[in-house]
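I sat down with a new structure today and kept notes as I went. Come and look along with me.

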Amino acid sequence: MLNDTQVIRLNAEQRYAHELNKLQEADNNQNKPQGWNLSPKSVRQFILGNEELGISRKFYGDDPLVDRAIVSLLGKQGLMLVGEPGTAKSMLSELLAAAISGDSNLTIQGTAGTSEDHICYSWNYALLLAEGPTEKALIGSPLYQGMKLGKIVRFEEITRCPPEIQDVLVSLMSEKQMMIPEMGQNAKISAKPGFNLIGTANLRDRGVHEMSAALKRRFNFETVKPIADKHFEIELIQMQLDQELGDLKSQVTIPIDVIELLVTTFQELRQGQTDEGTKLKTPDSVMSTAEAVNIVYASALDAHYLGNGILNGGQIAKQLIGVVLKDNSDDIKRIQFYMDNVVRERAKKSSSWRDFYQASKVFWQ
Ligand SMILES: Nc1ncnc2c1ncn2[C@@H]1O[C@H](COP(=O)(O)OP(=O)(O)O)[C@@H](O)[C@H]1O
Ligand SMILES: [Mg+2]
């Protein structure tokens with residue numbers, strides 16, 4: 001058996017159990033909506049942080065969005081988080097489910113192969129044959145469980161599911177009950193208070209299906225954008241890097257100006273414009289905070305294991321190529337333009353930018 005410390009990733013309610021306990025104590029059972037583990041204010045603090053209580057900030061960049069998301073979940077509508085990949089939609093839905101229901105595991109992963117069984121229920125056929133369609137023979141989906149227990153259910157990548165499967169959700173979301181005709185004409189489970197659905201959908205996914213108008217009406221939509229504030233993004237990357245590096249943290253030096261260089265590059269390319277106003281072509285590749293964290297992490301490993309233990313702009317350039325080339329070969333031209341027109345100028349004044357520029361010449365030919 002694995003114990004908790006041996007798995008690669010714990011879920012949010014395990015990772016932050018201590019914080020959730022503190023918030024629950026602070027709530028003192030006041031102002032909790034029916035079926036919720038925490039008051040809406042505490043849910044907000046869990047996600048946006050509260051220094052006094054020692055609660056860390058987990059989502060950066062758009063506090064009002066978090067408020068609106070919580071309000072959505074208090075009502076009858078579901079919550080749909082849409083946006084570019086890597087903008088923390090999945091993370092936010094996990095944190096909301098952990099805070100509201102104490103359980104972020106009731107998750108359906110949308111794929112082209114998602115069927116009605118995955119959304120509703122299926123049967124244990126041995127038991128079904130032995131004793132007929134009883135509750136014991138029924139295998140409830142995460143959505144079934146969420147309705148029954150009054151918990152938040154997460155539906156990831158909803159637009160990857162075929163339209164007829166998305167439509168199954170329409171009646172579930174409006175009736176807030178699931179019929180089980182095999183168990184009798186009127187057999188059903190009705191959702192308990194605390195149940196709601198958080199969907200996520202990536203705008204950039206290829207081959208996705210449009211969401212039907214009927215389904216759209218059952219959800220409040222929130223668009224999650226990449227972090228626009230440079231300092232927020234730097235802070236977030238440093239924090240996540242610390243977590244990922246773990247014990248290695250003390251053995252590798254990560255100069256802040258190298259992180260700033262990467263964040264500046266990402267933000268300028270995303271926005272299609274430099275801080276000085278030079279126009280750029282935006283790459284098709286996803287350049288999200290999550291990618292930035294991956295790049296710094298890989299560069300830090302490079303610096304530690306293959307370099308002199310000090311992260312430099314050259315290692316960043318080396319890793320960037322994997323992110324940029326992954327999707328689209330036109331992108332490399334766009335970045336090369338950036339290197340030759342923007343980075344080259346900055347290289348005259350800063351050693352990090354110089355390392356970055358020189359390495360791009362070596363690695364990108
Ligand atoms: N605004 C943000 N606040 C906090 N973390 C963020 C933010 N944007 C991106 N991240 C980081 O990026 C990671 C990837 O996000 P994820 O939830 O998988 O994205 P998505 O589901 O939108 O594709 C998150 O786990 C988080 O570490
Ligand atoms: Mg996701």
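Entry one, the ligand. Which atom of G86 lies 2.7 Å from an oxygen atom of ligand 1? I looked it up, and it is a backbone N or O atom of G86. I should say early on that I am working with a predicted model.

Next I wanted the wider surroundings. I found 16 residues around ligand 1, and the closest are Y60, G86, K89, S90 and Q240. I then checked two others from that list. For Y60, a polar backbone atom sits 2.8 Å from a nitrogen atom of ligand 1. For K89, the side chain supplies the N or O atom, 2.6 Å from an oxygen atom of the ligand.

Entry two, helices 11 and 13. Q240 is among the closest residues to ligand 1, and I met Q240 again in the contact between helix 11 and helix 13. Helix 11 covers residues 230-245 and helix 13 covers residues 289-305. I noted an angle of about 50 degrees between them, with the axes 10 Å apart. The two helices are therefore oblique to each other, and their crossing is right-handed. From helix 11 I listed E233, L236, I237, Q240, L241, E244 and L245; they meet T289, A292, V293, V296, Y297, A300 and L301 of helix 13. Sorted by class, this contact has ten nonpolar, two polar and two charged residues.

Entry three, R270. I picked this residue out and found it in helix 12, which spans residues 256-271. Which residues does R270 touch, leaving aside its neighbours within four places in sequence? My list reads P226, I227, E233, T282, M287, S288 and T289. Two of these were already in my notes: E233 belongs to the helix 11 side of the previous contact, and T289 to the helix 13 side. I also compared R270 with A12: they are 258 residues apart in sequence, and their C-alpha atoms are 29 Å apart in space.

Entry four, helices 2 and 3. I went back towards the start of the numbering for this pair. Helix 2 (residues 17-27) packs against helix 3 (residues 40-48) at an angle of about 150 degrees, and their axes are 10 Å apart. That angle makes helix 2 roughly antiparallel to helix 3. I noted a right-handed crossing here too. Helix 2 contributes E19, L20, L23 and D27 to the contact, while helix 3 contributes S42, Q45 and F46. By class, I wrote down three nonpolar, two polar and two charged residues.

Technical notes
Residues are numbered from 1 along each chain as its sequence is written. Chains are lettered from A and ligands numbered from 1 in the order in which they are written. This is a predicted model: local features need pLDDT of at least 70, side-chain atom pairs count only at pLDDT 80 or more; totals for chains, interfaces and linings use all residues. Side-chain values use heavy atoms; hydrogens and water are left out. Axes are lines fitted to C-alpha atoms, for helices over the stretch in contact, and angles run from 0 to 180 degrees between N-to-C directions. Angles under 35 degrees count as roughly parallel, over 145 as roughly antiparallel, 65 to 115 as roughly perpendicular and the rest as oblique. A crossing is left-handed if the near helix is turned anticlockwise from the far one by less than a right angle, and right-handed if clockwise. Contact means heavy atoms within 4.5 Å. Ala, Val, Leu, Ile, Met, Phe, Trp, Tyr, Cys and Pro count as nonpolar, Asp, Glu, Lys and Arg as charged, and the others, Gly among them, as polar. A residue is near a molecule or strand if one of its heavy atoms lies within 4 Å of it. A polar contact is a pair of N or O atoms within 3.5 Å; within protein, one must be able to donate a hydrogen and the other to accept it, and residues adjacent in sequence count only if both atoms are side-chain atoms.
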